[in-house]
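I sat down with this entry to look up a few things in turn, and I note them here in the order in which I took them.

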Amino acid sequence: MHDIRAIRENPDAFDEALRRRGLSPLAAELVALDDARKSAISAAQANQERRNALAKEIGGAKKAKDEARAQELMAEVARLKDEAPALEAVQAQAGKILDERLAAIPNCPNPDVPEGADEHGNVEYRRFEAHRPQLAMGKQHFEIGEASGLMDFEAASRMSGARFVVLKGQLARLERALGQFMLDLHTGEHGYTEVAPPLMVRDEAMFGTAQLPKFRDDQFQAGEHWLIPTAEVPLTNLVRESILREEELPLRFTALTPCFRAEAGSAGRDTRGMLRQHQFNKVELVSITTPEQSADEHERMLGSAEAVLKKLDLPYRIMTLCTGDMGFASQKTYDIEVWMPGQETFREISSCSVCGDFQARRMNARVRGRDGKAVNFVHTLNGSGVAVGRALIAVMENYQNPDGSVTVPSVLKAYMGGIDRIEGFKS
């Protein structure tokens with residue numbers, strides 16, 4: 001959510017930020033809506049002030065035993081009282097229109113974000129070459145999984161429809177091992193606090209992190225609740241409607257949860273395999289910081305996500321997303337893309353974003369300065385640390401062997417009961 005006062009004070013900068021996002025100027029329209037809101041507030045206040053003044057005059061008239069004047073003044077008060085609900089309704093409607101308009105506008109990109117229309121404008125930040133020999137090509141994960149008998153898309157489709165999978169045996173254990181390894185890494189080495197959050201949230205929580213209202217069609221609804229598309233939603237909303245102390249920050253949270261996405265706009269994309277599922281597991285990272293800390297925290301969070309892939313010895317590259325490719329709530333985003341030899345390309349496995357005070361305004365999450373007086377909105381950051389299903393895919397494709405087996409990365413062997421390769425069902 002944007003600050004209308006900041007837009008009013010510097011409309012040209014706001015419109016320039018929107019231009020970099022590929023959007024038309026909006027400052028003049030928003031200022032006009034704010035003017036209408038202020039006029040409605042003034043009219044309602046004038047009504048109340050006039051009633052207050054008349055109340056004093058009525059008292060004076062009665063004290064002077066001027067009953068005729070008192071009755072005349074009381075009639076005017078009654079008329080003003082009758083007008084008040086309409087004035088208040090106009091005020092509420094003007095505020096609602098402005099808030100809805102502001103809520104539909106994406107965050108302004110940081111000045112150092114590269115300008116571009118789509119993913120072709122993204123810029124490589126750095127990359128990591130695995131220590132083990134890198135496969136240039138190989139089988140895709142679903143070919144390996146189906147041949148082993150440990151990945152069943154047909155059974156999942158019969159019970160749930162498209163974009164679901166059943167994992168079995170040691171492949172199911174490998175996915176579990178990946179998630180536990182990531183949690184242990186982030187809590188043990190990176191200072192994140194593990195959280196077991198609700199998987200269903202209310203409208204207010206989804207609005208707070210900007211999934212609603214713009215991305216309603218991408219979500220799964222269950223009665224009055226929403227299934228979380230990512231643990232970013234409950235983790236970030238832990239600080240909603242609160243005033244934190246500056247000395248508490250930064251707060252760092254992590255969670256391993258199922259995630260649910262309708263994938264409404266992905267018809268025909270990645271229909272084979274596990275790349276784009278309605279249900280998947282992900283380890284999420286969320287940080288709550290002061291405005292002064294957020295840029296450094298963004299780099300720190302990126303490093304935490306990178307550490308997962310380094311320990312798994314998977315080749316990857318980091319891309320700084322351009323203005324036309326980054327998310328709605330983001331000021332700046334890094335995508336980590338892991339090499340997938342089966343597809344002979346890099347695919348996103350983590351996205352780390354700094355959102356500034358954009359989400360905090362929607363959640364009313366604030367911080368009180370060390371002086372005990374100044375209160376500002378916090379900054380929020382979120383990132384995948386990392387997507388477990390895609391990490392499974394990356395391990396399968398990068399650690400595949402000519403005989404169809406998959407070598408278990410050394411860092412996961414303790415989580416796998418000591419086995420060093422997955423070979424599928426025994427006949």
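Which residues of strand β14 are on its covered face, and which are on the uncovered one? I keep in mind that this is a predicted model. In β14, residues 365–368, I found Ala365 and Val367 on the covered face, with Arg366 and Arg368 on the uncovered one. The pattern is the one I would look for, as in a regular strand the side chains alternate between the two faces of the sheet.

**Entry: the three-stranded sheet**

I next looked up the partners of β14, and found an open sheet of three strands in the order β8-β14-β15, with mixed pairing. Its edge strands are β8 and β15, each of which pairs on one side only, and the twist averages 35 degrees from one strand to the next. On one side β14 pairs with β8 (residues 242–245) in the parallel sense over four bridges, and there Leu244 stands opposite Val367. With β15 (residues 375–377) the pairing of β14 is antiparallel and runs over three bridges, and the bridge partner of Val367 in β15 is Asn376. The hairpin of β14 and β15 has six residues between the strands, and among these I noted Gly372, which takes a positive phi near 80 degrees.

**Entry: the eight-stranded sheet**

I then turned to an open sheet of eight strands, whose order I read as β1-β11-β12-β13-β16-β10-β9-β4, again with mixed pairing. The edge strands here are β1 (123–128) and β4 (193–194), each pairing on one side only. Within this sheet I followed β12 (residues 332–340) and β13 (residues 345–354), which run antiparallel and are joined by nine bridges; Val338 is the residue that stands opposite Arg347 in β13.

Which helices lie across these strands? I found helix α7 (residues 169–188) across β4, β9, β10 and β16, running at about 165 degrees to β9. Helix α10 (residues 294–312) lies across β1, β9, β10, β11, β12, β13 and β16, and runs at about 5 degrees to β16.

**Entry: helices α7 and α2**

I checked the length of α7, and its 20 residues reach 28 Å from the first C-alpha to the last, close to the 28 Å expected at 1.5 Å a residue. The buried residues of α7 include Leu171, Leu174, Leu178, Phe181, Met182 and Leu185, and also Glu175 and His186. An α-helix has 3.6 residues a turn, so residues three or four places apart point the same way.

In helix α2 (residues 11–20) I listed Phe14, Asp15, Ala17, Leu18 and Arg20 as the buried residues, and these pack against α1 (4–9) and α3 (27–63). After α2 comes Gly22, whose phi is positive, near 85 degrees.

**Entry: pocket and cavity**

I looked up the second largest pocket, which has a volume of about 380 Å³. It is lined by 17 residues, of which His2, Ala6, Phe14, Asn107 and Cys108 are the closest to its centre. The elements that give two or more residues to this lining are α1, α2 and α11 (358–363). Phe14 thus appears twice in my notes, as a buried residue of α2 and in the lining of this pocket.

How many cavities of 30 Å³ or more does the structure hold? I found one, and about 40 Å³ of space lies in the largest cavity. Among the residues lining the largest cavity are Ile144, Leu171, Met396, Val406 and Glu423, and I had already noted Leu171 as buried in α7.

**Entry: backbone details**

I looked at two cis peptide bonds. The bond from Leu212 to Pro213 is cis, with omega near 5 degrees, and Pro213 is in the loop between α8 (203–208) and β6 (220–222). Leu249 and Pro250 are also joined by a cis peptide bond, with omega about 5 degrees, and Pro250 is in the loop between β8 and β9.

Lys65 is not a glycine, yet has a positive phi of about 60 degrees; I placed it in the loop between α3 and α4 (67–103). Is Lys65 buried or exposed? Since exposed means over 50% relative accessible area, Lys65 counts as exposed because its relative accessibility is 75%. Glu241, also not a glycine, has a positive phi of about 50 degrees and lies in the loop between α9 (232–236) and β8; at 59% relative accessibility, Glu241 counts as exposed.

How values were computed:
Residues are numbered from 1 along each chain as its sequence is written. This is a predicted model: local features need pLDDT of at least 70, side-chain atom pairs count only at pLDDT 80 or more; totals for chains, interfaces and linings use all residues. Side-chain values use heavy atoms; hydrogens and water are left out. Two strands pair if DSSP finds at least two bridges between them. Contact means heavy atoms within 4.5 Å. Axes are lines fitted to C-alpha atoms, for helices over the stretch in contact, and angles run from 0 to 180 degrees between N-to-C directions. The expected span of a helix is 1.5 Å times one less than its number of residues. Buried means under 20% relative accessible area, exposed over 50%, partly exposed in between (1.4 Å probe, protein chains only). On a 1 Å grid over the protein atoms alone, a cavity is a set of points where a 1.4 Å probe fits but cannot get out, and a pocket is an open set with protein on both sides within 12 Å along at least five of seven lines; lining residues have an atom within 4 Å of a point. Grid points are joined across faces, edges and corners, and a volume is the space filled by probe spheres set on the points.
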